[in-house]
Amino acid sequence: MEEVLAPSREAELLMTLPGLGFILATVIALEVGDVRRFPGPEHLASYAGMVPRVQQSGGKVRYGKTREDVNRYLKWAYSEAANVIARYAFRHVGQLYARIRERKDHQKAIGAVGRHLAEATWWVLHTRRPYQDLAICRLGRVMGA
């Protein structure tokens, strides 16, 4: 794929996200297209199928399965990246996986990490800046950088 597809600026920015290599970053960049068509990060996450269904009644909220009528390529790419994160425990995103996995199960934790990646994709492409790990950002503020 690297011979056929020239790396775009978007794919290079997306490769800064944890769990994304050249192939997944290219798939996401091509499937998202112009990020300005999404008003916010939650809209991209919903389009990618990384948001569970919500049923509310009488003050009770129940979360169900993710929707089926979504962009399947994006859903696959974010799920694959989330599984890489689950296996190799990337800093704070790995902690997100571990925290949800402890309370719920593997699939729900993968969905939460995938949603984080989808929303981070919107921010990275919208601001045109590389992804920054929250732990590193906090450390920089503490160290005075």
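This briefing covers helix H6 and three residues, tyrosine 63, histidine 116 and threonine 26. The model is predicted. Helix H6 runs over residues 106–127, and histidine 116 belongs to this helix. Tyrosine 63 is in strand E2, and threonine 26 is in helix H2.

**Helix H6**

- H6 has 22 residues, which at 1.5 Å a residue should span 32 Å; the C-alpha atoms at its ends are 31 Å apart, so the expected and modelled spans agree.
- The buried residues of H6 are Ala109, Ile110, Val113, Gly114, Leu117, Ala118, Ala120, Thr121, Trp122, Val124 and Leu125.
- An α-helix has 3.6 residues a turn, so residues three or four places apart point the same way.
- The cover over the buried residues of H6 includes helices H1 (9–14), H2 (22–32) and H3 (41–47). Helices H4 (72–88) and H5 (91–103) are also among the elements that cover them.
- Arginine 128, just after H6, has a positive phi of about 60°.

**Histidine 116, in H6**

- Histidine 116 has a relative accessible area of 22% and is therefore partly exposed, since buried means under 20% and exposed over 50%.
- Setting aside residues up to four places away in sequence, histidine 116 touches His92, Val93, Leu96 and Tyr131.
- With tyrosine 131 there is a polar contact between side chains, at 3.1 Å from histidine 116.
- Leucine 96 is 20 residues from histidine 116 along the chain, and their C-alpha atoms are separated by 9.2 Å.

**Threonine 26, in H2**

- Threonine 26 counts as buried because its relative accessibility is 8%, and the cut-off for buried is under 20%.
- Its side chain reaches the backbone oxygen of phenylalanine 22 at 2.7 Å.
- Apart from neighbours within four places in sequence, threonine 26 is in contact with Met1, Leu5 and Ala11.
- H2, the helix that holds threonine 26, is among the elements covering the buried residues of H6.

**Tyrosine 63, in E2**

- Strand E2 comprises residues 60–66 and contains tyrosine 63.
- The relative accessible area of tyrosine 63 is 59%, so this residue is exposed, the cut-off being over 50%.
- Tyrosine 63 touches Pro52, Arg53 and Val54, not counting residues up to four places away in sequence.
- Lysine 75 is 12 residues from tyrosine 63 along the chain, and the C-alpha atoms of the two are separated by 18 Å.

Key: Residues are numbered from 1 along each chain as its sequence is written. This is a predicted model: local features need pLDDT of at least 70, side-chain atom pairs count only at pLDDT 80 or more; totals for chains, interfaces and linings use all residues. Side-chain values use heavy atoms; hydrogens and water are left out. Helices (H or I, at least four residues) and strands (E, at least two) are DSSP runs, numbered from the N terminus. The expected span of a helix is 1.5 Å times one less than its number of residues. Buried means under 20% relative accessible area, exposed over 50%, partly exposed in between (1.4 Å probe, protein chains only). Contact means heavy atoms within 4.5 Å. A polar contact is a pair of N or O atoms within 3.5 Å; within protein, one must be able to donate a hydrogen and the other to accept it, and residues adjacent in sequence count only if both atoms are side-chain atoms.
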